[in-house]
Amino acid sequence: MNVVYLACPYTHPSVQTRQSRKMLADMFAARLTRSYAVFSPITHGPSLEQHLRPSIAQSHKFWMDQCIPFLRMASACYVLPIAGWRESKGVTEEIALAIQMRMPVIIIQAHDLCIELIDPEEIRATGWRTEWFEADTPRGTRAHQRKVG
């Protein structure tokens, strides 16, 4: 089974925003497990965070040191484009490393959730791919992948 990495912004001053971001990351990580083994730092990290000293828990370097080895093992980097993803230092570094490693960067798209729908021109210009997720049905989620460009 292929291993994939799910990049998503997390850090934010608002506890509510962090909880919302974690909920969306958890949901999409669960959807991805239908086809892949998934590492989602946002699903994994907050459970550890509560057991760390605050100076470590708030260290960007600490979290990147934890996450990058998993990204290096992955066959693809999925990106959850929720509010703040373009400004996220971590997501930016993860995408840059994936591109440097010639790893596919796949932007998740869905009409049923609050995520940014990416302009097809931007997709073509960056060489990213998109994967569309439809709303869950009693028979499960259907994912449709297409290469753009």
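A residue counts as buried when its relative accessible area is under 20%. The structure treated in these exercises is a predicted model.

**Exercise 1. The setting of strand E1**

Determine how many residues of E1 are buried, and which strands pair with E1.

*Solution.* Begin with burial. Four of the five residues in E1 are buried, so the rest of the structure largely encloses this strand.

Turn next to the pairing. E1 and E2 run parallel and are joined by three bridges; Val3, for instance, has Ala37 of E2 as its bridge partner. E1 also runs parallel to E3, with four bridges between them. Here Val4 has Ala76 in E3 as its bridge partner.

Finally, consider the connection. Together with helix H1, the strands E1 and E2 form a β-α-β unit that is right-handed.

**Exercise 2. The buried side of helix H2**

Identify the buried residues of H2 (residues 41-49) and explain how they are placed around the axis.

*Solution.* The buried residues in this helix are Pro41, Ile42, Gly45 and Pro46. They lie on the same side of H2, because the arc they cover around the axis is only 110°. A general rule helps here: an α-helix has 3.6 residues a turn, so residues three or four places apart point the same way.

The last step is to ask what lies over these residues. The cover includes E1, H1 (15-32), E2 (37-39), H4 and H5.

**Exercise 3. The nonpolar cores**

State which residues of the largest nonpolar core touch the most other members, and which elements each supply at least two of its residues.

*Solution.* The largest nonpolar core has 19 residues; those touching the most other members are Tyr5, Leu71, Cys77, Val79, Trp85, Ile95 and Val105. At least two residues of this core come from each of E1 (3-7), H4 (60-73), E3 (76-79), H5 (89-100) and E4 (105-110).

Ile95 serves as an example. Once its neighbours within four places in sequence are set aside, Ile95 is in contact with Val79, Trp85, Val105 and Trp128.

Another core lies apart from the largest one; it has 18 residues, including Val4, Leu24, Tyr78 and Leu80.

**Exercise 4. The cysteines**

Decide whether Cys67 and Cys77 are buried or exposed, and give the count of disulfides.

*Solution.* Compare each value with the cut-off of under 20%. Cys67 has a relative accessible area of 7% and is therefore buried. Cys77, at 0% relative accessibility, is buried as well.

For the disulfides, the cut-off is a pair of cysteine sulfur atoms within 2.5 Å. By this rule, the count is zero.

Methods
Residues are numbered from 1 along each chain as its sequence is written. This is a predicted model: local features need pLDDT of at least 70, side-chain atom pairs count only at pLDDT 80 or more; totals for chains, interfaces and linings use all residues. Side-chain values use heavy atoms; hydrogens and water are left out. A nonpolar core is a set of buried Ala, Val, Leu, Ile, Met, Phe, Trp, Tyr and Cys residues joined through side-chain atoms within 4.5 Å. Buried means under 20% relative accessible area, exposed over 50%, partly exposed in between (1.4 Å probe, protein chains only). Contact means heavy atoms within 4.5 Å. The arc is that of the directions from the helix axis to the C-beta atoms. Two strands pair if DSSP finds at least two bridges between them. A crossover is right-handed if, with the strands pointing away from the viewer, the path from the first strand over the helix to the second runs clockwise.
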